[in-house]
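Thanks for sharing this one. Here are a few notes to read alongside the model, with one helix as the main topic.

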Amino acid sequence: NLYRIYAKAYGFKVISLRVTNCFGENQKTQGPDIGLVGLFIRDILSGNPVEVYSDSKRKKNIIYVKDLAKIIAYISELELDTFEAFNVAGIELSLEKLLKSIIRIAGTGEYCLREFPESIKCMDVGEAKFDDSKLTAQVGRQDFTELDVTLENTVTYFKNVPLGAGSHDI
């Protein structure tokens, strides 16, 4: 809302992207803001079983960082008035498919289903559906990099970067 106000008051041209679960090379490998995919990869490579609360069929949206960069490039070329906000949905998949793909690519790992702890249930967004029709109307339907390719690149990155090391963790 602050951007919307400034854009209107001062004539700024502002584009806000609402992005969920972005992942890829050079992302953080530690900390609270590692993200869903990064957290799964880190735990799997560390030998920790991933705990899935509720149902492994629950769906999430994810987007590979290089696909997001292409969208940003397209959006930056648009001639828009003052303030515009866009949802970036990426791809939607079940936690089960995501975890099975990571485990297969990593060559190790497991996950287990758990009941939702009340402390998490009260803040979990569940299955958030992201409507990116406004974005699609502006830049067209996007072709995303194949899931296995994105996960292979990210798993390889995590394997080659000492956990907790690197400037991306500052």
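Which residues of H2 are buried?

1. The buried set consists of Leu36, Val37, Gly38, Phe40, Ile41, Arg42, Asp43 and Ile44. Please keep in mind that this is a predicted model. Helix H2 spans residues 36-45, and eight of its ten residues are buried, so "mostly covered" is a fair description under the cut-off of under 20% relative accessible area.

2. What do these buried residues pack against? Their partners are three strands, S2 (22-23), S3 (50-53) and S4 (59-64), together with helices H4 (95-106) and H7 (147-160).

3. The pairing with H4 deserves a look. The axes of H2 and H4 come within 10 Å and cross at roughly 45 degrees, which means that H2 is oblique to H4. The crossing is right-handed. On the H2 side, the contact is made by Leu36, Val37, Phe40, Ile41, Ile44 and Leu45, and H4 contributes Leu95, Leu98, Leu99, Ile102, Ile103 and Ala106. By class, this contact has twelve nonpolar residues, with no polar and no charged ones.

4. Do glance at the stretch just after H2, where Gly47 takes a positive phi of about 85 degrees.

5. For the wider setting, the protein chain has seven helices and seven strands, arranged along the sequence as α-β-β-α-β-β-α-β-β-α-β-α-α-α. Of its 170 residues, 39% are buried. Among contacts between residues at least 6 apart in sequence, 88% join residues at least 24 apart.

6. Lastly, the overall dimensions: the C-alpha atoms fill a box of roughly 50 × 35 × 30 Å along the principal axes. The accessible surface comes to about 10,000 Å², with 51% belonging to carbon and sulfur atoms.

Terms used:
Residues numbered from 1 in each chain as written. Predicted model: local features only at pLDDT ≥ 70, side-chain atom pairs only at ≥ 80, totals over all residues. Heavy atoms only, no water. Buried < 20%, exposed > 50% of the residue type's maximum accessible area, 1.4 Å probe, protein only. Helix = DSSP H or I, 4+ residues; strand = E, 2+ residues; numbered from the N terminus. Contact = heavy atoms within 4.5 Å. Axes fitted to C-alpha atoms, helices over the stretch in contact; angles between N-to-C directions. Parallel < 35°, antiparallel > 145°, perpendicular 65-115°, else oblique. Left-handed = near helix turned anticlockwise from the far one by under 90°. Nonpolar A, V, L, I, M, F, W, Y, C, P; charged D, E, K, R; others polar. Areas by Shrake-Rupley, 256 points an atom, 1.4 Å probe, with all protein chains shown as cover.
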